[in-house]
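Okay, everyone, thanks for coming. Let me put the sequence and the model up, and then I'll walk you through some spots in it.

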Amino acid sequence: VCIKEKSGRTFEDRGECQHVRYRWMRGPIIKPCIFHPHKTSQFRDVTKTYQHYCSKECFLRGWHSLPSEHWNPPESAEHANEDARAEWVEVADTRTYCPSAADIDRPLRL
């Protein structure tokens with residue numbers, strides 16, 4: 001891990017520095033695009049298909065041509081508010097962290 005001080009000096013911690021603390025955080029779920037599963041979504045249709053899209057082009061493609069059997073059911077207002085309040089949760093305080101099944105579709109932050 002490369003660490004930069006306020007003065008601009010950088011150094012690498014190999015786990016031997018007692019003054020460096022680590023904290024791994026798991027973020028809220030970010031669903032992949034319906035058309036590009038390898039890309040994270042940037043948009044979500046909340047009026048018709050209730051799907052996630054990576055770009056404006058995918059959103060328009062889904063709005064106009066996504067078959068209704070691929071539409072998600074609308075979420076309740078309570079569940080939508082939970083997503084907006086999603087918090088980051090600490091998952092480890094070690095130098096290294098091996099992601100688990102709970103980390104799928106979620107960003108990690110060191």
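Let's start at glutamine 51, which sits in the loop between β4 and β5; helices (H or I, at least four residues) and strands (E, at least two) here are DSSP runs, numbered from the N terminus. Just so you know, this is a predicted model, where local features need pLDDT of at least 70 and side-chain atom pairs count only at pLDDT 80 or more, while totals for chains, interfaces and linings use all residues. Residues are numbered from 1 along each chain as its sequence is written, and side-chain values use heavy atoms, with hydrogens and water left out.

So, is glutamine 51 buried or exposed? Glutamine 51 counts as buried, at 8% relative accessibility. For that word, buried means under 20% relative accessible area, exposed means over 50%, and partly exposed is in between, using a 1.4 Å probe and protein chains only. Glutamine 51 touches Ile34, Phe43, Arg44, Asp45, Leu66, His70, Trp71 and Asn72, if you don't count residues up to four places away in sequence. Contact, by the way, means heavy atoms within 4.5 Å. With asparagine 72 there's also a side-chain to side-chain polar contact, at 3.4 Å. A polar contact is a pair of N or O atoms within 3.5 Å; within protein, one must be able to donate a hydrogen and the other to accept it, and residues adjacent in sequence count only if both atoms are side-chain atoms.

Now look at tyrosine 50, in the loop between β4 (43–44) and β5 (52–53). Tyrosine 50 isn't a glycine, and yet its phi is positive, about 55 degrees. Its relative accessibility is 16%, so tyrosine 50 counts as buried.

Going the other way, histidine 52 is in strand β5. Histidine 52 is buried too, with a relative accessible area of 17%. Which side chain does the side chain of histidine 52 make a polar contact with? That's arginine 44, at 3.5 Å. Leaving out residues up to four places away in sequence, histidine 52 touches Lys31, Pro32, Cys33, Ile34, Ser41, Phe43 and Arg44.

On to tyrosine 53, which is part of the largest nonpolar core: five residues, namely Cys33, Tyr53, Cys54, Cys58 and Leu66. A nonpolar core is a set of buried Ala, Val, Leu, Ile, Met, Phe, Trp, Tyr and Cys residues joined through side-chain atoms within 4.5 Å. Not counting residues up to four places away in sequence, tyrosine 53 has a list of contacts that includes Cys33, Cys58, Phe59, Trp63 and Leu66.

Phenylalanine 59 is in helix α1, residues 56–65. Phenylalanine 59 is partly exposed, at 25% relative accessible area. Beyond its neighbours within four places in sequence, phenylalanine 59 is in contact with Asp45 and Tyr53. Its C-alpha is 22 Å from that of proline 107, 48 residues apart along the chain.

You may have spotted the cysteines in that core. How many disulfides does the structure hold? Zero, where a disulfide would be a pair of cysteine sulfur atoms within 2.5 Å. Take cysteine 17: the closest cysteine sulfur, in cysteine 2, is 13 Å from its own, and that's too far for a bond. Cysteine 17 is partly exposed at 28%, whereas cysteine 98 counts as exposed, at 65% relative accessibility.

Next, the sheet. Three strands form an open sheet in the order β6-β3-β7, with antiparallel pairing. β6 and β7 stand at the edges with a single partner strand each, so one side of each has no neighbour in the sheet. Strands pair if DSSP finds at least two bridges between them, and β3 (residues 24–26) is joined to β6 by three bridges. One to look for is tryptophan 24, whose bridge partner in β6 is alanine 92.

Last stop: aspartate 105, in the loop between β6 (89–92) and β7 (108–109). Aspartate 105 also has a positive phi without being a glycine, about 70 degrees. Its relative accessibility is 32%, so aspartate 105 counts as partly exposed. Outside its neighbours within four places in sequence, aspartate 105 is in contact with Pro28, Ile29, Ile30, Lys31 and Pro32. And C-alpha to C-alpha, aspartate 105 is 8.3 Å from threonine 40, though they're 65 residues apart in sequence.
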